[in-house]
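Me: I would like a close look at a single part of this model and at what surrounds that part. Please keep the answer plain.

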Amino acid sequence: DKLMAKRLDNAVYVACEERARYYAERIARTESARAWFDGFLAKHGQDPDVIGYRWTLGSRHPRFDVCDFHAHVDFYGMGSGVYPKDSLPPLPAHPHCLCSLLPVYAGETLQGKKFDPQAGESYLNKAPLASRQALLGVKGEESWRLGWEGWTELAQRRGWQEHVNPLGRLKATDFSLRQ
């Protein structure tokens, strides 16, 4: 009995430690991405030559999620995954998000238009069933396919957020050397 109790105590201890490690790692990874985003905005946010940003999936992106949606849909007529500077999905888009942005300069693409929700609809019509279910949920995908609800309402329930004018916590002057 003493040996079994000791094994049980050890298993509980290891499980608690692993869970705490996982949460700490998730927070560190997500906050690192948020800090990178703040630096990116400080560098490119005030550059008049930058007209938008291209959403780029992380190199270790494991499976379809909202980031694929951000990277592949042309919501503003600027190209797939390209957003005007003042209308961007929040980054990081979810915990563990390792996606990044690239600046898009004037002349590389057209200026942004108004948000077109039909672009999302069109993308979902072409996407495989598993991808639609990953974004909208199994019941949500069925509800969308049957025309009962729009994709924006369903995606918002699962974490998709409206595009916003990102306000970084840093300014370019924060990086200048002070004497």
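Which glycine just after α5 takes a positive phi? Please start there, then describe α5, what covers its buried residues, and the core and pockets elsewhere in the model.

Reply: The model is a predicted one. The glycine is Gly 147, just after α5, and its positive phi is about 80°.

α5 spans residues 138–145. Its buried residues are Gly 140, Glu 141, Ser 143 and Trp 144. Around the helix axis they cover an arc of only 165°, so they sit on the same side of α5. The face turned away from that buried side carries Val 138 and Lys 139, which are exposed. The cover over the buried residues of α5 includes α3, α4 and α6.

α4 can be described in the same way. Ser 131, Arg 132, Leu 135 and Leu 136 are buried in this helix. Viewed down the axis of α4, these residues fall within an arc of 110°, and therefore line one face of the helix. They pack against α2, α3, α5 and α6. α4 is followed by Gly 137, which also has a positive phi, near 85°.

Leu 136 leads on to the largest nonpolar core. This core has 34 residues, and Leu 136 is among those that touch the most other members, along with Trp 55, Phe 69, Phe 75, Leu 101 and Trp 151. The elements that each supply at least two of its residues are α1 (2–44), α2 (66–72), α3 (117–126), α4 (129–136) and α6 (151–157), together with the strands β1 (50–56), β2 (82–84) and β3 (100–105). In soluble globular proteins, nonpolar side chains tend to be buried together.

Leu 101 shows what such a core member touches. Beyond its neighbours within four places in sequence, Leu 101 is in contact with Trp 36, Phe 37 and Phe 40, with Tyr 53, Arg 54 and Trp 55, and with Leu 88 and Leu 91.

That leaves the pockets. The largest holds about 340 Å³ of space. It is lined by 14 residues, of which Pro 62, Asp 65, His 94, Pro 95 and His 96 are the closest to its centre. By class, this lining has 7 nonpolar, 3 polar and 4 charged residues. The second largest pocket holds about 270 Å³. Its lining also comes to 14 residues, with Leu 41, Gly 45, Gln 46, Pro 166 and Gly 168 closest to the centre. Here the division is 7 nonpolar, 4 polar and 3 charged.

Technical notes: Residues are numbered from 1 along each chain as its sequence is written. This is a predicted model: local features need pLDDT of at least 70, side-chain atom pairs count only at pLDDT 80 or more; totals for chains, interfaces and linings use all residues. Side-chain values use heavy atoms; hydrogens and water are left out. A nonpolar core is a set of buried Ala, Val, Leu, Ile, Met, Phe, Trp, Tyr and Cys residues joined through side-chain atoms within 4.5 Å. Buried means under 20% relative accessible area, exposed over 50%, partly exposed in between (1.4 Å probe, protein chains only). Helices (H or I, at least four residues) and strands (E, at least two) are DSSP runs, numbered from the N terminus. Contact means heavy atoms within 4.5 Å. The arc is that of the directions from the helix axis to the C-beta atoms. On a 1 Å grid over the protein atoms alone, a cavity is a set of points where a 1.4 Å probe fits but cannot get out, and a pocket is an open set with protein on both sides within 12 Å along at least five of seven lines; lining residues have an atom within 4 Å of a point. Grid points are joined across faces, edges and corners, and a volume is the space filled by probe spheres set on the points. Ala, Val, Leu, Ile, Met, Phe, Trp, Tyr, Cys and Pro count as nonpolar, Asp, Glu, Lys and Arg as charged, and the others, Gly among them, as polar.
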